[in-house]
Amino acid sequence: MNLIERVVAISRRRSPWICRLNAGSCNGCDIEITPLLSPRYDAEQLGIELHGTPKHADIVLISGTLTLRSRQAILDIYDQVPSPKAVVALGSCPLSGNVFAGSPLVLGQSLDSLVPVDVWVPGCPPRPQAILDGIARAASLLEEGATRSQMESLLEGGQGRPS
Ligand code: SF4
């Protein structure tokens with residue numbers, strides 16, 4: 001990693017911008033994100049900001065179970081986030097479908113089968129502290145050049161998305 005890349009990596013760790021995607025959530029996980037912006041957790045003081053566009057994000061935060069309708073949106077948003085990037089899966093739904101498993105509109109597959117997930121934050125829903133910790137871990141991986149997409153790009157010269 002050269003000097004410029006190192007500076008960019010440090011600034012990313014200090015100030016990771018987050019793009020949030022609800023893939024089919026009951027909103028329970030999303031409600032737990034809101035306290036991060038309150039004075040109690042004050043994630044912005046740590047440089048963590050939520051942004052509406054994936055094109056300005058470093059980390060994608062995905063909640064909810066994967067559905068037939070959200071599949072393409074997940075792929076599109078992941079592709080729009082510039083590299084290097086990290087993915088944080090929020091709650092039990094992205095892993096297993098959780099309480100929605102078996103529904104005819106649910107894909108029945110893990111988020112990891114669509115995009116490379118770097119950090120799983122367990123819980124139904126996870127507490128705000130756990131979400132903050134997951135974001136911090138993803139930012140550390142970005143700084144170290146150790147996100148799955150970064151590693152896969154290095155190894156395969158590809159886009160970092162599982163085939
Ligand atoms: S993990 Fe629980 S709280 Fe979060 S979206 Fe799924 S059902 Fe809702």
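These exercises walk through a predicted model of one protein chain with a ligand.

Residues are numbered from 1 along each chain as its sequence is written. In this predicted model, local features need pLDDT of at least 70, side-chain atom pairs count only at pLDDT 80 or more, totals for chains, interfaces and linings use all residues, and side-chain values use heavy atoms, with hydrogens and water left out.

**Exercise 1. The overall layout**

Find how many helices and strands the protein chain has, and in which pattern they follow.

Solution.
- Step 1: Use the rule for elements. Helices (H or I, at least four residues) and strands (E, at least two) are DSSP runs, numbered from the N terminus.
- Step 2: Count them. The protein chain has 6 helices and 5 strands.
- Step 3: Read along the sequence. The pattern is α-β-α-β-β-α-β-α-β-α-α.
- Step 4: Check burial. Buried means under 20% relative accessible area, exposed means over 50%, and partly exposed lies in between (1.4 Å probe, protein chains only). Of the 163 residues in the protein chain, 44% count as buried.

**Exercise 2. Strand β3**

Work out which strands pair with β3, and where its side chains point.

Solution.
- Step 1: Recall what pairing needs. Two strands pair if DSSP finds at least two bridges between them.
- Step 2: Look at β1. Strand β1 (residues 17-22) pairs with β3 in the parallel sense, over 5 bridges. Here Cys19 stands opposite Val60 of β3.
- Step 3: Look at β4. Strand β4 (residues 86-90) also pairs with β3 in the parallel sense, over 5 bridges. Here Ser63 stands opposite Leu90 of β4.
- Step 4: Sort the side chains. In a regular strand they alternate between the two faces of the sheet. From β3, Ile59, Leu61 and Ser63 point one way, while Val60 and Ile62 point the other way.
- Step 5: Judge burial. In β3 (residues 59-63), 5 of the 5 residues are buried, so the strand is largely enclosed by the rest of the structure.

**Exercise 3. The ligand shell**

List which residues surround the ligand, and sort them by class.

Solution.
- Step 1: Apply the cut-off. A residue is near a molecule if one of its heavy atoms lies within 4 Å of it.
- Step 2: List the shell. Around the ligand are Ser25, Cys26, Gly28, Cys29, Gly91, Ser92, Cys93, Asn98, Phe100, Gly123, Cys124 and Pro125.
- Step 3: Set the classes. Ala, Val, Leu, Ile, Met, Phe, Trp, Tyr, Cys and Pro count as nonpolar; Asp, Glu, Lys and Arg count as charged; the others, Gly among them, count as polar.
- Step 4: Count. The shell has 6 nonpolar, 6 polar and no charged residues.

**Exercise 4. Backbone details**

Locate the peptide bonds to Pro84 and Pro125 and say whether they are cis or trans. Then place Asn27 and give its phi.

Solution.
- Step 1: Take Pro84. The bond from Ser83 to Pro84 is cis, with omega near 0°. Pro84 lies in the loop between α3 (70-80) and β4.
- Step 2: Take Pro125. The bond from Cys124 to Pro125 is cis, with omega near -5°. Pro125 sits in the loop between β5 (119-121) and α5 (128-144).
- Step 3: Take Asn27. Its phi is positive, about 85°, although Asn27 is not a glycine. Asn27 lies in the loop between β1 and α2 (28-33). With a relative accessible area of 39%, Asn27 is partly exposed.

**Exercise 5. Salt bridges**

Find which residues Arg20 and Arg148 pair with.

Solution.
- Step 1: State the rule. A salt bridge is a side-chain nitrogen of Lys or Arg within 4 Å of a carboxyl oxygen of Asp or Glu. By this rule the count comes to 4 salt bridges.
- Step 2: Take Arg20. Arg20 forms a salt bridge with Asp30, with the closest N and O atoms 2.6 Å apart. Arg20 lies in strand β1 and Asp30 in helix α2, so the pair ties together parts that are 10 residues apart in sequence.
- Step 3: Compare exposure. Arg20 is partly exposed at 41%, whereas Asp30 is buried at 10%.
- Step 4: Take Arg148. Arg148 meets Asp112 in a salt bridge (2.5 Å, N to O). Arg148 lies in helix α6 and Asp112 in the loop between α4 (93-96) and β5, so this pair ties together parts that are 36 residues apart in sequence.
- Step 5: Add Glu152. Arg148 also meets Glu152 in a salt bridge (3.1 Å, N to O). Asp112, Arg148 and Glu152 are thus linked in a network of salt bridges.
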